[in-house]
Amino acid sequence: MTSQTITAAAAGTWTLGDLTVNRLGFGAMRLPQTGPALVRSAVPRDRGQAIAVLRRAVDLGVDHIDTAAFYFSPLRSANELINRALAPYPDGLVIATKVGPGRDRSGRWLPHATPEQLRGQVEENLRQLGRDHLDLVNLRVVGTDPVADRFGALAELREAGLIRHLGLSNVTADHLAEASAIAPVVCVQNPYGIGGPPEQDALLRACGERGAAFVPFYAIAGPGRQAGTTGEEPPEVLAVARRHGASPAQVRIAWTLHRGPHVLAIPGTGDPDHLTANVAAAALRLTAEDLAVLGALHHREG
């Protein structure tokens, strides 16, 4: 499919609290390195290329960037690349970040942050991004332990004006209900895509009922997760791609956006050509036949 004049606005909009964003956003996880992300041996990406990708994303109408202080490789930090590329930030640009389990300077994962440590993580994001407040902070969760203490600490920082809106990442329906009783949850970020587990479909629907955005990550990579796409595409995805003159990645992004008006997409890349193609998926309209074929694949693989 052609991508010469397509911008992120083609996906339509949704509101994160009082912030209206285009449903097609950008994930910064792949910016600091080439190859797999979140590994200690990551190869730093060319700084100029990363900055150019960020600026091009904004030129293409992306107004919602997802990042985290733990998105880094030796020599590169996603937050500081965003600051360098985009500050002073344009009006309407929403930057969402995550706190929770962090990484030490060598890249090793640390345990869950305590409620007291979360303030330090928020302040580190503020420093790296050069902001006096954060538009959206997602509490990232590993496991099924209750989140009330940690989410409550972020709610206090929201009341203090350091955070505008709160969300959750990598959570269960119970986490969503628990957090929502403490403060408004404007979005849930969970791994999701074609072939995702049935409980994620239920959580997607629960978010829609609450008026919260559902923001899938790994929608393209699937089981490859931070390593990226692996293996051959199923014939169903390839067939839909051929019908539309699109790539399999574009089909996967479009399918995600078709899951509901409250579903956002944040495909990430450090490659300018991939960026343009990802944004162009905002205009890909799948037919009822396409959705039936992909839906059957989704339920069979889920």
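## A first look at helix 10 and its surroundings

At 1.5 Å a residue, the 14 residues of helix 10 (residues 288–301) should span 20 Å, and the end C-alpha atoms are indeed 20 Å apart, which agrees. The expected span is 1.5 Å times one less than the number of residues. Helices here are DSSP runs of H or I with at least four residues, strands are E runs of at least two, and both are numbered from the N terminus.

This is a predicted model, in which local features need pLDDT of at least 70, side-chain atom pairs count only at pLDDT 80 or more, and totals for chains, interfaces and linings use all residues. Residues are numbered from 1 along each chain as its sequence is written, and side-chain values use heavy atoms, with hydrogens and water left out.

Back to helix 10: D290, L294, G295, L297 and H298 are buried. They cover an arc of only 165 degrees around the axis, so they sit on the same side of helix 10; the arc is that of the directions from the helix axis to the C-beta atoms. On the other side, A288, E289, H299 and R300 are exposed. Buried means under 20% relative accessible area, exposed over 50%, and partly exposed in between (1.4 Å probe, protein chains only). The cover over the buried residues of helix 10 includes helix 6, helix 7 (235–244) and helix 8 (248–257), where contact means heavy atoms within 4.5 Å.

Now meet a few single residues and where they sit.

| Residue | Location | Relative accessible area |
|---|---|---|
| H64 | strand 6 (residues 64–66) | 2%, buried |
| G196 | loop between strand 12 (185–191) and helix 6 (198–210) | 10%, buried |
| Y218 | loop between strand 13 (213–217) and helix 7 | 15%, buried |
| L75 | loop between strand 7 (72–73) and strand 8 (76–77) | 73%, exposed |

Leaving out residues up to four places away in sequence, H64 touches a list of residues that includes L16, F26, L93, V215 and I266.

Some backbone angles are worth a look too. Y218 is not a glycine, yet its phi is positive, about 60 degrees. L75, also a residue other than glycine, has a positive phi near 85 degrees. The peptide bond from A87 to P88 is cis, with omega near -5 degrees, and P88 lies in the loop between helix 2 (78–86) and strand 9 (94–99).
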